[in-house]
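Me: I have a structure here that is new to me. Can you walk me through it?

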Amino acid sequence: MKKFEIGIVIKYPLRTSVKFARNYFRGKEIVVAEIGTYKGENALNMLEKLKIKRIYLIDPYEAYGDYKEDTASKNTDKNFKSAKRRLKKYSNRTIYIKKFSDEAWKFIPEELDFIYLDGNHEYKYVKKDMEIYWKKLKKEGILAGHDISWPGVSKSFCEFVQEKDLNPNIQAMDWWIVKK
Ligand SMILES: C[S@@+](CC[C@H](N)C(=O)[O-])C[C@H]1O[C@@H](n2cnc3c(N)ncnc32)[C@H](O)[C@@H]1O
C-alpha cells in the first residue's frame, strides 16, 4: 500500500517593503542585497515574489560582543546551513558574502535596485548600514529594512531621513525609502 504523509511547510509572512517592491518594480529584473540573512526566510520570500537576477546575501554568521540577539548569535554554522538548504533552488542567483556589512559592500561590484537592512539593530550599526548602502543603491532604487520599532533602527531612520531630506515610508515592522 502507498504510504500517505502530511507535510507541513511553514511560510513566513511577506514583509511590507517587499510587497511594495513587488508592485513598484512590476516584474522588472532586479539586483538585490540583504544585510542579515540568518536562515534565509526573508530571502526566500524575496526570491519567490520579486524577479531577482542576483541577490547578495550578507551575514558574517559569527558571534561577537556587540550582537546580543539570542537565536541569531548562537548556532551560526547551523543558521548558514539552514539558509543554504532553504535557498538551494535559487543557487544560480544567490551570492553569499560571509562578512560584516561594513566590509561586505566592497565585494559587490555593481549598483543595486533593492537593499534590505536586517543585520545588527543597534544605532551605530544601522546608521552606518544606511549610509554605506545608500551609496550602493541605483537612482529609483529602494532602501528598506526591518524592525522599525527597535530604538536603534527608529533613531537611525529618523536622522537619516531628516539629514538627507527624504520621503519616509513605514508600514507594520518595515521602513523604506525610494532614491530620487
Ligand atoms: C534578525 S536576523 C536576520 C533575519 C533575516 N533577515 C530574515 O528576516 O529572514 C539578523 C542577522 O544579522 C546578522 N548580523 C549581525 N551583525 C551583522 C553585521 N554587522 N553585518 C551583517 N550581518 C549581521 C546576524 O548574524 C543574523 O543572522
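Reply: One term to begin with: a polar contact is a pair of N or O atoms within 3.5 Å. Also keep in mind that this is a predicted model.

Me: OK. Which side-chain atoms of Arg15 are 3.0 Å from the ligand, and from what kind of ligand atom?

Reply: An N or O atom in the Arg15 side chain is 3.0 Å from an oxygen atom of the ligand.

Me: And what sits by the ligand nitrogen atoms?

Reply: Tyr64 has a polar side-chain atom 2.6 Å from a nitrogen atom of the ligand. For Asp118, a polar side-chain atom lies 2.7 Å from a ligand nitrogen.

Me: How much of the ligand does the protein bury?

Reply: The protein buries 95% of the 610 Å² that the ligand exposes when taken alone.

Me: How many residues surround the ligand, and which are the closest?

Reply: There are 18 residues around the ligand. Glu34, Gly36, Asp59, Tyr64 and Asp118 are the closest.

Me: Switching topic. What is the protein built from?

Reply: Its secondary structure consists of seven helices and seven strands. In sequence order the pattern reads α-β-α-β-α-α-β-α-β-α-β-α-β-β.

Me: Why call it as compact as a globular protein of that length?

Reply: Because its radius of gyration is 16 Å, close to the 16 Å that the globule rule gives for 180 residues. The C-alpha trace spans about 70 × 40 × 30 Å along its principal axes.

Me: What about the sheet, open or closed?

Reply: The sheet is open, with seven strands in the order β3-β2-β1-β4-β5-β7-β6 and mixed pairing. Strands β3 (94–97) and β6 (169–171) are at the edges, and each has a single partner strand, so one side of each lacks a neighbour in the sheet. From one strand to the next the twist averages 15°.

Me: How do β2 and β3 pair, parallel or antiparallel?

Reply: They pair in the parallel sense, over four bridges, with β2 covering residues 52–58. Leu57 stands opposite Tyr96 in β3.

Me: Which strands does helix α6 lie across?

Reply: Helix α6 (residues 123–135) lies across β1 (30–35), β2, β4 (112–117), β5 (137–145) and β7 (174–178). Its direction is at about 155° to β5.

Me: And which strands does α7 touch?

Reply: Helix α7, residues 151–164, packs on the sheet and touches β5, β6 and β7. The direction of α7 makes about 20° with that of β7.

Definitions and conventions:
Residues numbered from 1 in each chain as written. Predicted model: local features only at pLDDT ≥ 70, side-chain atom pairs only at ≥ 80, totals over all residues. Heavy atoms only, no water. Pairing = 2+ DSSP bridges. Helix = DSSP H or I, 4+ residues; strand = E, 2+ residues; numbered from the N terminus. Axes fitted to C-alpha atoms, helices over the stretch in contact; angles between N-to-C directions. Contact = heavy atoms within 4.5 Å. Near = heavy atom within 4 Å. Polar contact = N/O pair within 3.5 Å; in protein donor to acceptor, adjacent residues only side chain to side chain. Areas by Shrake-Rupley, 256 points an atom, 1.4 Å probe, with all protein chains shown as cover. Rg over C-alpha atoms; globule rule 2.2 N^0.38 Å.
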